[in-house]
Structures are given as C-alpha cells and as structure tokens.
Amino acid sequence: MAIRNFAHTHEGAGGDALAIPTVAAMIAVLFAGSTVLTPLYIVYKQQFGFSQITLTLIYAVYVVGNLAALVMFGGVSDVVGRRPASLAAMLVAIVSALVFLFAGNVVSLDVARILSGLGIGVGSASARGPELRGLPSFFPARTSRAPV
C-alpha cells in the first residue's frame with residue numbers, strides 16, 4: 001500500500017513512477033552479471049593452470065575497479081546525468097563480460113574483474129539519486145545545530 005501511495009504521489013508530481021523499479025532492475029542486472037560468471041573461475045583456473053592464490057587475487061582485483069569508480073566517477077552522474085552514467089555503467093559491464101568470454105590469460109581475467117567493479121561502481125553511484133529522491137525521510141530534519 002505504501003508503494004502504491006508513493007507511486008501515485010510521485011506520478012501526480014509529474015515524475016516517472018517507474019523510475020525506482022527501473023533503477024532497482026539496473027542494479028540487480030549489474031550485480032547479477034558480475035556474480036553469474038563466478039563458476040567460470042574454476043574452469044579458467046584449470047584451463048590456464050594458475051594457483052589458488054592467483055584465483056583469490058582475481059576475485060580481489062574487483063575492488064580496485066569498484067573503488068576507482070566510486071572515488072573518481074562517483075559524481076559523474078551529477079554532471080552528465082543519471083541516465084547517461086547508468087548506460088555507460090551497463091556498457092562497461094557488457095565489455096567486462098565480453099573480456100571474460102574471450103579471456104586468454106590471467107591478465108585478461110584481471111582486466112575483466114576491474115571492468116566489472118568499475119561498471120558496478122558507476123552504476124550504483126548513479127543510481128543513488130533516483131532511489132532516494134522523493135522518498136519519505138526516515139530521519140527527521142535537523143532544525144538546529146548541536147553545540148560544539
């Protein structure tokens with residue numbers, strides 16, 4: 001009922017009632033796309049013959065792309081707009097999947113994981129605005145500053 005009331009209120013204000021579900025779907029696709037390839041890492045390990053520590057590092061290098069996206073591109077959607085930033089994130093995620101598909105060595109797996117982290121970082125950073133805009137506040141507005 002609360003979602004219906006929110007959608008009705010949001011729609012009446014001239015906004016798009018499908019914005020929040022669309023953003024949620026985009027985030028779900030980005031995260032699912034990054035996770036669905038996980039079983040292939042064992043196949044790559046057997047095919048390329050790398051060690052368990054190398055596999056762990058392939059998992060860990062994702063954070064490099066994610067952190068870079070959040071630090072360097074976190075505010076990009078505020079400049080270019082949420083839709084172009086979200087589309088760019090999806091494009092980077094697709095390129096990441098293609099690099100995984102045609103991976104020939106450990107370096108290409110690392111590049112694919114970094115791109116995956118980059119896509120998710122930009123996607124989640126650009127999605128934060130529409131998710132929060134127009135939603136009822138869970139925290140009361142601060143009317144005065146606390147003494148220092």
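Start with the whole chain in cartoon view: the secondary structure comes to eight helices and zero strands. Along the sequence, that reads as α-α-α-α-α-α-α-α. Helices here are DSSP runs of H or I with at least four residues, strands are runs of E with at least two, and both are numbered from the N terminus. What you have open is a predicted model, in which local features need pLDDT of at least 70 and side-chain atom pairs count only at pLDDT 80 or more, while totals for chains, interfaces and linings use all residues. Residues are numbered from 1 along each chain as its sequence is written, and side-chain values use heavy atoms, with hydrogens and water left out.

Now colour by burial. Of the 148 residues in the protein, 29% are buried. Buried means under 20% relative accessible area, exposed means over 50%, and partly exposed is in between (1.4 Å probe, protein chains only).

**Stop 1: helix 2**

Select residues 19-35. This is helix 2, with 17 residues, and its first and last C-alpha atoms are 24 Å apart, close to the 24 Å expected at 1.5 Å a residue. (The expected span is 1.5 Å times one less than the number of residues.) Which residues of helix 2 are buried? Show Val23, Met26, Ile27, Leu30 and Ser34 as sticks, and you have them. They sit on the same side of helix 2, because they cover an arc of only 95 degrees around the axis; the arc is that of the directions from the helix axis to the C-beta atoms. There is a simple rule behind this: an α-helix has 3.6 residues a turn, so residues three or four places apart point the same way.

**Stop 2: the cores**

Keep Val23, Met26, Ile27 and Leu30 on screen and add Tyr62, Ala69, Ala89, Leu118, Ile120, Val122 and Ala127. Together these 11 residues are the largest nonpolar core. Such a core is a set of buried Ala, Val, Leu, Ile, Met, Phe, Trp, Tyr and Cys residues joined through side-chain atoms within 4.5 Å. Helix 2, helix 5 and helix 8 (106-132) each supply at least two of its residues. Apart from this core lies another, of 10 residues, including Leu37, Tyr41, Leu55 and Ala112.

**Stop 3: helix 5**

Select residues 62-73, which is helix 5, and find Val63 in it. Switch on the surface: Val63, Leu67, Val71, Met72 and Phe73 form a nonpolar patch there, with about 510 Å² of accessible area together. Ala68 is in helix 5 too, and Ala68 is partly exposed, at 22% relative accessible area. Draw a distance from Ala68 to Leu118: they are 50 residues apart along the chain, yet their C-alpha atoms are separated by 6.9 Å.

**Stop 4: helices 7 and 8**

Next, pick Ser86 in helix 7 (residues 82-101). Is Ser86 buried or exposed? Ser86 is buried, with a relative accessible area of 12%. Gly119 is 33 residues away along the chain, with 8.8 Å between the two C-alpha atoms.

Move to Gly123 in helix 8. Gly123 is buried as well, at 0% relative accessibility. From Gly123 to Leu70 is 53 residues in sequence and 9.5 Å in space, C-alpha to C-alpha.

For a contrast, click on Phe102, in the loop between helix 7 and helix 8. Phe102 counts as exposed, at 65% relative accessibility.

Terms used: Expected span 1.5 Å × (residues − 1). Patch = residues over 30% accessible without salt bridge, like charges linked within 9 Å, V, L, I, M, F, W, Y side chains within 5 Å. Areas by Shrake-Rupley, 256 points an atom, 1.4 Å probe, with all protein chains shown as cover. Salt bridge = Lys/Arg side-chain N within 4 Å of Asp/Glu carboxyl O.
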